[in-house]
Structure formats: C-alpha cells, structure tokens
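Please open the model in your viewer and keep the sequence panel beside it. The stops below go from the whole chain to single residues.

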Amino acid sequence: MSTVFNFTFVPWFRSVAPYIHKFRNQTFVVGIPGEAIAAGKLPNLAQDLALIQSMGVRVVLVHGFRPQVNEQLAIKGQSAKYHHGVRITDSLALDCAQEATGQLRYEIEAAFSQGLPNTPMAGATVRVISGNFITARPVGIIDGVDYQHSGLVRKVDVPGIMRTLDMGALVLLSPFGFSPTGEAFNLSMEEVATSVAIALKADKLLFLTEVPGIRMRPHEPASEDNPVDTELPLAQAVQILADSPRGLEPTDTAFYLQHCVKACKAGVERSHIIPFAVDGAMLLEVYVHDGIGTMVVDEKLEELREATADDVGGILQLIEPFEKDGTLVKRNRTEIERDIGHYTIVEHDGVIFACAALYPYPEAGTGEMAAVTVSPQVQGQGDGEKLLKRIEQRARIMGLDSIFVLTTRTMHWFLKRGFVQVDPDWLPEARKKKYNWDRKSMVLVKKL
C-alpha cells in the first residue's frame, strides 16, 4: 500500500469517525425512485446502504416504480394517466404496479445478497424484510377526477417496523398500502417515505433524486455562481416552496422539497435531497461535513458557544495539525482542561470546526485571543469572523479595552479586521515574561 494512500486515508478516516459515532443506532428512511433503479444505480446504492447499516444505522428503504409501471403499461398498449402529478390507477395500472413491485423487490433483495470478494458487500449480511406495514385509504374523487386505486397513507405500523429494525434487518417498503378490507392501493414513494419518517420519528429522511439539490437561487439556472445550497433552514425552504410552481415532475424544485418541509415540520431532524447520478452520494452526504446535496433542517446545525470539559478532545484534535506545522504553540491536554473556560468553539452537527480562547489581563485592560483555529474543511465560510465577534463580546463584558493576538503566519487576516501591529514591549508584564523571543511572533492589537 502506497505511502500517499496511507497519508490521505488515515486523516480522512479519523475525520469520518465522529459521524460514525453520532449516527450509530439512529434511524434513516431512504427513498429511492424507480428512475434510479432504471438507470442502473441499484448495485452501488445497495453497497452504500449495506455499509451505512454496518456502522450501526437502522435503515428503512422505500422504493419507487414510476418508470417501471409506465413501461408495463406501454407493453400492454396503454399510457400513464396523471392529474396534478398523481397517477390515476385504474385496474390495468394496478396490475402493472403489482408486477413492477414484484420484480423490483426481487432485484433489491438480490442486490443486498451479493457478497463477491473484493467488493464492499464482501462479508456483509443484510437481512431484507418487507411486509404489510402500511394501511392506506383511497385518494377518492377530486375536482371531478376519480383516482380509482390510487391511495394515501392512513397508518404506519410503527411497532412492526421497529421490531424488525431491532432484529438488525433492513426494512423494505413498496409504494403499496392495503385497506382494512384488503383492498390494495397504489401510493407514491415520496409520500410513503415521508409518512414513515414522521411516524418513526426518524433522524434522517433521504431522497435520492434526479436533481443535484436546491440551488442558492432556485429559480435561476445552474452555474458556478449558483451552486447547490447544502444547508437550507426550514423557514427558507418554506419560502422557496411558496415562490415555486406546484411540483408535478421529479425535476421540479418543489417536488421533493415539499416532502422535506413536511417531514421537518413534523419533527424529522434533517431531510435531504441528493443526486443518485453521483456515485457514493449517500456516503458523501452523511459522512462528509458539507455533504453533496441539500439538507433541510429546522434550524442551523452550527452552534457558537463556550466550551465545556466534554470539548477538550475535540479541541485537541482540531489544533493538533496546526501545532505540528508551527502555526500554533503546542498545548497539552492538561493545559486545555485547566483553561477550558477561556475557550469558545464553533460546533457543527456534533463536530468542533473552530475554536479560540480569551485570556484576560484585567490589570492592563486587555486580553489575549489565543489558539485561534479554523478547520481547513470550513475555512472561508465565516467561522473565524464569528469567533472574533464572540471573543470581542466576551472581552467587553469583562470590561477590557482591547484584545491582542500573537501570530507568525496569519497577520494579514487580523490586520484586515482592525488589528494594528505594536512592539512586543506593549504586552502586559505578565504576558511579556512568557513571550518567546525566538519565535518572533507579531503582536497585533485591536481597540474595542
């Protein structure tokens, strides 16, 4: 194995570890449209879901079958009928849906049964269990249109699904439901996935979609200046829905977004829209900080707060690379534990991505902003600015007139933010005694 691989793999794997710990024993509901299966993405999706499950995540998989049913109808000389984006399911369409479901369940179970050597499924044991977990009711007649065998979710068998998940199995749900009289109804994958996520109080609802996500400016064309918005607050998502036409096609902005909003409003912590065209999209979305698609969340997951003793390990992990390259002065665990009350951190989804400490010198009316660190993963996103503002706020509350930093490499960042260079003799006497003249750090001061 090459040295380059070792050098890149080890820090990558360490960076993923906090997410592995965080999501263990959580419940994910994953909606895979029939279009993804028709595009040949099932084998890789199965491998990724098996990997996610192996890391302790409880998975409910809901598959769609839109193109498969349309194909069956075409073979029988019929065309699909829709009204307001909802399929009108007559007896022939119901037969086609049942045929498509049987075939897709077979393909999905086969995909999770593969175990060839040198593949991600080698050694994996994924038990796929499906059943009549969904009770349905008819859509009925709306605007004079009889939807016939098309239905809506009436009830989710939460105890039944939970018992199956407790067994360590992956639950597979088809977009079918049955009435108490045994009548079958064709449902939409999106509604089933959303209803199940809400009923289970799932931690995540993930839709694999034909679109890459929601753009920063959703009603303008894709461009480098209009990338995918990776984290969309619920309030903003609601506004986008209000400004968008009704989502009738899977490629419409509102099509999946409406279900993400519904789930978040009902208590699902995070809902995701991610592209099935990108290999490994689920892994990138779940285990990488910024993800690859759009995550709708009830509030910003990023939290700026004062550190506690529980944060010592995260701070050490964050600053260690900067200590090794000489950017920061080395601090051991004992020092950080002793001074933890001086630290402010930026935490995102349980992971610390930035920190800074404020050491006051009240006799001189100033304080030192030290250990200023922002993870390379989020540099340029404003976390440094947030830390600076919070440190300034803490200094003012303490009655300090200024703050200062000692730096050898990042002087320009501080100069742009109102700091000015002074001679080291300016330092408070207590700090001057600890000044490392060999290091030749610049002293920068900012008046408050």
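**The whole chain**

Begin with the charges of this predicted model: the chain carries 46 positive and 54 negative charges, and the mean positions of the two sets lie 4 Å apart. With the entire chain still selected, show the C-alpha trace, which spans about 90 × 50 × 40 Å along its principal axes. Switching to a cartoon brings up the secondary structure, which comes to 15 helices and 23 strands.

A surface display is the next view to try: the accessible surface comes to about 21500 Å², and carbon and sulfur atoms account for 53% of that area. Of the 448 residues in the chain, 49% count as buried. If you draw contacts between residues separated by 6 or more positions, 69% of them join residues that are 24 or more positions apart.

**Helix H1 and a nonpolar patch**

Now select helix H1, which covers residues 3-23, and find Phe-13 within it. Adding Phe-5, Phe-9, Val-10 and Trp-12 to the selection completes, together with Phe-13, a nonpolar surface patch of about 450 Å². Is Phe-13 itself buried, partly exposed or exposed? Its relative accessibility is 43%, so Phe-13 counts as partly exposed, since that class lies between the limits of 20% and 50%.

**Glu-183, in a loop**

Move next to the loop that runs between strand E11 (176-178) and strand E12 (184-186), where Glu-183 is found. Glu-183 has a relative accessible area of 37% and is therefore partly exposed. Show the residues around this side chain: apart from neighbours within four places in sequence, Glu-183 is in contact with His-149, Gly-177 and Phe-178. Then select Pro-138 as well, which is 45 residues away from Glu-183 along the chain, and check the separation of the two C-alpha atoms, which is 9.6 Å.

**Glu-190, in helix H7**

For the last stop, select helix H7, made of residues 189-200, and pick out Glu-190. Is this glutamate, Glu-190, buried or exposed? Because its relative accessibility is 2%, Glu-190 counts as buried, the limit for that class being under 20%. Which residues does Glu-190 touch, once neighbours within four places in sequence are left aside? They are Arg-66, Phe-207, Phe-255, Tyr-256 and His-259, and displaying their side chains together with that of Glu-190 shows this set of contacts.

Conventions:
Residues are numbered from 1 along each chain as its sequence is written. This is a predicted model: local features need pLDDT of at least 70, side-chain atom pairs count only at pLDDT 80 or more; totals for chains, interfaces and linings use all residues. Side-chain values use heavy atoms; hydrogens and water are left out. Patches are made of residues with over 30% relative accessible area and no salt bridge: like charges are joined within 9 Å, nonpolar side chains (Val, Leu, Ile, Met, Phe, Trp, Tyr) within 5 Å. Accessible areas come from the Shrake-Rupley method with a 1.4 Å probe; for residues, only the protein chains shown count as cover. A salt bridge is a side-chain nitrogen of Lys or Arg within 4 Å of a carboxyl oxygen of Asp or Glu. Helices (H or I, at least four residues) and strands (E, at least two) are DSSP runs, numbered from the N terminus. Buried means under 20% relative accessible area, exposed over 50%, partly exposed in between (1.4 Å probe, protein chains only). Contact means heavy atoms within 4.5 Å. Lys and Arg count as positive and Asp and Glu as negative; His and the chain ends are not counted. The place of a charge is taken as NZ of Lys, CZ of Arg, CG of Asp or CD of Glu.
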